[in-house]
Amino acid sequence: MIEWFQRSNVRVPKGVFSMYDIGKDAVANFDMSKDTEENWWSFKPLTYLDCSSNVLTDIPTDIKLFEDLTVLNLQDNNLSTLPESIGALKKLTKMNLSRNKIASLPREFYSLGELQHLNIAHNCLEKLGDEFVDMVMLQTLDLSNNLLTSLPTGIGYLVRVTEFNVSHNQLTELPLDISCMRAMTKLDVTHNNLKSLPNMSDMRKLHVIHAQHNDIEDLPMFEGCDALQELHFGNNFIKAVTEEFCENLPLLKILDLRDNKIEELPDKIAMLQHLIRLDLTNNELTALPNSLGLLSHLQNLQIEGNKFRHIRQDLLKAGTCRLLKHLRDKMDADESIRLSPSQTHTSLSPEPRIFPDKYMMRNSRAVNLAMKEISFVPDEVFKDALSADVHIVDISKNKLLEVPSGLQIVAENVSELNLNTNKLKTLPSFIADFTRLQYLDVGRNQLSDLPDLKGLPNMRELILSFNAFTSVPECVYSLEKLEILLISDNQVRKIDVDGLKRLQRLATLDFTNNSIDHVPFELGLLKQIRCVELKGNSFRQPRYAILEQGTDSVMAYLRDRIPQ
């Protein structure tokens, strides 16, 4: 490894490129009897070169001599071009060219076929060559803060890219085939001149989109983008939030629509049941739908700079919780007016503010009973839920001693079930009948075992934290599509690697605060796991310092200790 960090060099020292040369004196005085670490035959090829934070104005053509380089850092210099010989570095996997003055890339640059991480942010690029799409091994790509007016056709061939940043350019449109980049989890197109975004329906792994400060008038189609958690569309010209938009984003947590032209919200905004933050600042709203009060997880609602007519100023200033309660109370009052006197007296629920009616369920596609202090749920609630085509059931933070038997009425429809923070000691066997279930949260109960879950072929996320499990239930290993398993704060004593091997899609695993006294080295071979948490256990290896470095370091540590 060679590093010149903040050395203020104008040129790469010539001696660097002769480091492999063997002088005549060395050959003439060659003595095999001496064996020291300085012998030329013991030198290892250079794989890492860091010339960042200097004032380099050019890179010599002799850079080609470093054909074993895997990492090249040239950020924060004064480069305006790259030599054609850069194409000889065929083993490069990571390159940082950010904060230079590069206006174009040589054609040979595009032959770096092994490059996985490329950062060319803060340069003067006006165009990318058509050959750019041949760099098919790219995983992260940062083209932000350049002068690009378009992206090359065929960019959809970069199917391995997970993070794509093209913000602060001059783009007027995105290629339609960007939707072929199906591995992408994060897209940033802020500060461009985009008037629309292409259909995103095929980008099913997208988690975050930043599209602020553009000229977008309509929200794109997100059908199929079930993993989306954050959408940032502030400072555009969006006029409407459609019902279809609300129906297609079941896991959305953050929605930023500030500084747009939105005049009203649909009642189906209540379908965004996981929403935590909603920013509607500086729009043209005159009212809020009462169904907004059904968003039980909403913690931050920003609505300043609108033209509300029927909401008192003191309510607007009272904060999110008070405003949502006001909207729920209005919904209850409107429901009482809508019911006839006979219906009012014969209502199955003597407490209409606790159990939602069909109207509420139909708008939200959810049974939301979180934080109601209830210990039972009448069957009639679930019968209404069936007719309202409910997909989400949330009975968290209550006083349930057992799972309501009426829940099995909606078994074939429900995709999300939240029973967190109750007093459950067992789960009924009919849980296995929820064939569409993708998300199950039974954390913060008193469970020590689970019923057979083999009938849940679509389960993606399972939360068992804060219970009394001493091991991962055997049935969990039969959930072939499971991606997230959280079993922190239990009494688990052992990590069953053979069982975890069966979960080929498992990406997140949390064993925090258990009783594990040994971490099997074979855990490091489970390459599908991207995030593993092991803190708060009794094992001695890996040490805490390794755990602090994150998943990659932990897994590498474990792999390195497997006997060859």
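Hi everyone, let me start with one residue: Lys-268 has a relative accessibility of 13%, and since buried means under 20%, it counts as buried. Keep in mind that we are looking at a predicted model.

So what does Lys-268 do with its side chain? It meets the side chain of Glu-243 in a salt bridge, at 4.0 Å from N to O. The two are 25 residues apart, with Glu-243 in helix α2 and Lys-268 in the loop between β11 and β12, and the pair links distant parts of the chain. Glu-243 itself is partly exposed, at 39% relative accessible area.

How many salt bridges are there in the whole structure? A search finds 12. Another one joins Arg-107 and Glu-131, at 3.3 Å from N to O. Arg-107 sits in the loop between β4 and β5 and Glu-131 in the loop between β5 and β6, so this pair ties together parts that are 24 residues apart in sequence. Arg-107 is exposed, at 63%, while Glu-131 is partly exposed, at 25%.

A further example is Arg-460 with Glu-483, whose closest N and O atoms are 3.7 Å apart. This pair also links distant parts of the chain, 23 residues apart. Arg-460 has a relative accessible area of 24% and Glu-483 one of 27%, and each counts as partly exposed. Salt bridges with shared partners also join Glu-243, Glu-247 and Lys-268 into one network.

Now to the interior. The largest nonpolar core has 88 residues, and Phe-164 and Phe-233 are among those with the most contacts inside it. Helices α2 and α4 each give two or more residues to this core, and the largest share, three residues, comes from α4. A second, separate core has 67 residues, including Ile-354 and Tyr-557.

Next, helix α7, residues 379-387. Val-381, Phe-382 and Ala-385 are buried there. Down the helix axis they fall within an arc of 90°, so they line one face. Their cover includes α6, β14 and β15. In strand β14 we find Val-367, which is buried at 0% relative accessibility. Among its contacts are Val-381 and Ala-385, and also Val-390 and Ile-392. Just after α7, Asp-389 takes a positive phi of about 55°.

Finally, confidence. The chain averages a pLDDT of 88, and 88% of the residues score at least 70. Over residues 337-352, though, the pLDDT is below 50, and this stretch has seven contacts beyond near neighbours in sequence. Where pLDDT is low, the predicted coordinates should not be read in detail. Thanks for listening!

How values were computed: Residues are numbered from 1 along each chain as its sequence is written. This is a predicted model: local features need pLDDT of at least 70, side-chain atom pairs count only at pLDDT 80 or more; totals for chains, interfaces and linings use all residues. Side-chain values use heavy atoms; hydrogens and water are left out. Buried means under 20% relative accessible area, exposed over 50%, partly exposed in between (1.4 Å probe, protein chains only). Helices (H or I, at least four residues) and strands (E, at least two) are DSSP runs, numbered from the N terminus. The arc is that of the directions from the helix axis to the C-beta atoms. Contact means heavy atoms within 4.5 Å. pLDDT is the predictor's confidence in each residue, from 0 to 100. A nonpolar core is a set of buried Ala, Val, Leu, Ile, Met, Phe, Trp, Tyr and Cys residues joined through side-chain atoms within 4.5 Å. Lists of a residue's contacts leave out its neighbours within four places in sequence.
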